[in-house]
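Reader: I am new to this structure and should be grateful for a close look at a single part of it. Which residues meet there, and how is the chain arranged around them?

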Amino acid sequence: RVLSYGVIEDDPALTWVGLTNDYDAVYRALDRVAAPAADGLTHMAAGVDQATRELMGSPGALSRADPASRRIAVLLADGWPTLPVLGDPFANTDFVIGAGKRAAQAGVRVFTFGVGETALRFPLALVELARVTGGVFTPMRDPAILSDVFGQVNLSDVEDLSIRNATLGEAAQVVDVGADGSFGAFVPLRTGRNVIEVTARASGGRSTTERVTVHFAPGAPAVATPAGLLPIQNKLLELRLTRLRRERIAGEQQRDDQTRKELALEIERERSKAEERAAQQRKELKLEIERQPSSGPGSKDGSERAPAKP
């Protein structure tokens, strides 16, 4: 956030809510973020550093460190970095890459999303940030497909997940795996004791299996679904309805598969274009540094430099 005349506030990046499973708290925080008018400037480096502090549970952070968890940050941007050096996107990109290196040293991977035409005209910061942290850059020229694309991105190492009722020997009817590796499922039950078995396989070939015992009593009073699980329950219900529709409408699955393939190809084409632009801008950044080392905000003659047009 900035004040008038380009003066940066003391806190260029703020944490509105710490890491939590309390969805209501997250929704309230999003409402607070959307309330003030946007200033139109972007300090990506400060955002990455702030995310790293939260994931590390550093002093002053609102989050607690969890050594057993993988540290993942997601950055969505509809433009290029415009701060902390006004008018110098190459210098700001250096700050972003520096923040990315600090994140990588802390074991944080950053997945970046370039949303819209403006972000894809100067993708160097987003491409390099993902590269130095071991994350993935995803270009999205059309912001309307954001939710569809985000749901296909795997932020965890979970490559395959199988859930079944080992007592019945039947697999789960509906399984949904989130981008972060969280999951939900509808599993058939019999009256009495049921052993539910969950097997997760990682990209490196590792696998683990956990079992939980569930007692099903059809005549027992209904138990309210915890608020934190309601979004997962609703998603599973939607998936189940979708499956029923697919079973009734021949060929719908094939068309959906084709749509996903076309979307994946479009993403790959946009990623290639963005990486080509980033490579060219990387060369320009190197030449600019060799020609005129930066000694502060702006250029030596006081002029401001804009990103090169593709």
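**Proline 81 and helix α3**

Author: Leaving aside neighbours within four places in sequence, proline 81 is in contact (heavy atoms within 4.5 Å) with Thr42, Met44, Pro89, Asn92, Thr93, Val96 and Ala125. This is a predicted model, in which local features need pLDDT of at least 70 and side-chain atom pairs count only at pLDDT 80 or more, while totals for chains, interfaces and linings use all residues. Residues are numbered from 1 along each chain as its sequence is written, and side-chain values use heavy atoms, with hydrogens and water left out.

Proline 81 is placed in the loop between β1 (71–77) and α3. The names of these elements refer to DSSP runs, numbered from the N terminus: helices are H or I runs of at least four residues, and strands are E runs of at least two. Because its relative accessible area is 1%, proline 81 is buried; that term means under 20% relative accessible area, whereas exposed means over 50% and partly exposed lies in between, with a 1.4 Å probe and protein chains only. Among the contacts of proline 81 is Ala125. These two residues are 44 residues apart along the chain, yet a distance of 7.3 Å separates their C-alpha atoms.

The loop between β1 and α3 also holds proline 84. The peptide bond that leads from leucine 83 to proline 84 is cis, and its omega is near 10 degrees.

After the loop comes helix α3, which covers residues 89–105. The expected span of a helix is 1.5 Å times one less than its number of residues. The 17 residues of α3 should therefore span 24 Å, and this agrees with the 24 Å between its end C-alpha atoms. Within α3, the buried residues are Pro89, Phe90, Ala91, Asn92, Thr93, Val96, Ile97, Ala99, Gly100 and Ala103. Pro89, Asn92, Thr93 and Val96 appear in this buried set and are also in contact with proline 81. Beyond the helix, α3 is followed by glycine 107, which has a positive phi near 80 degrees.

To draw the part together: proline 81 is a buried residue in the loop between β1 and α3, and its contacts include Thr42 and Met44 as well as Pro89 and Val96.
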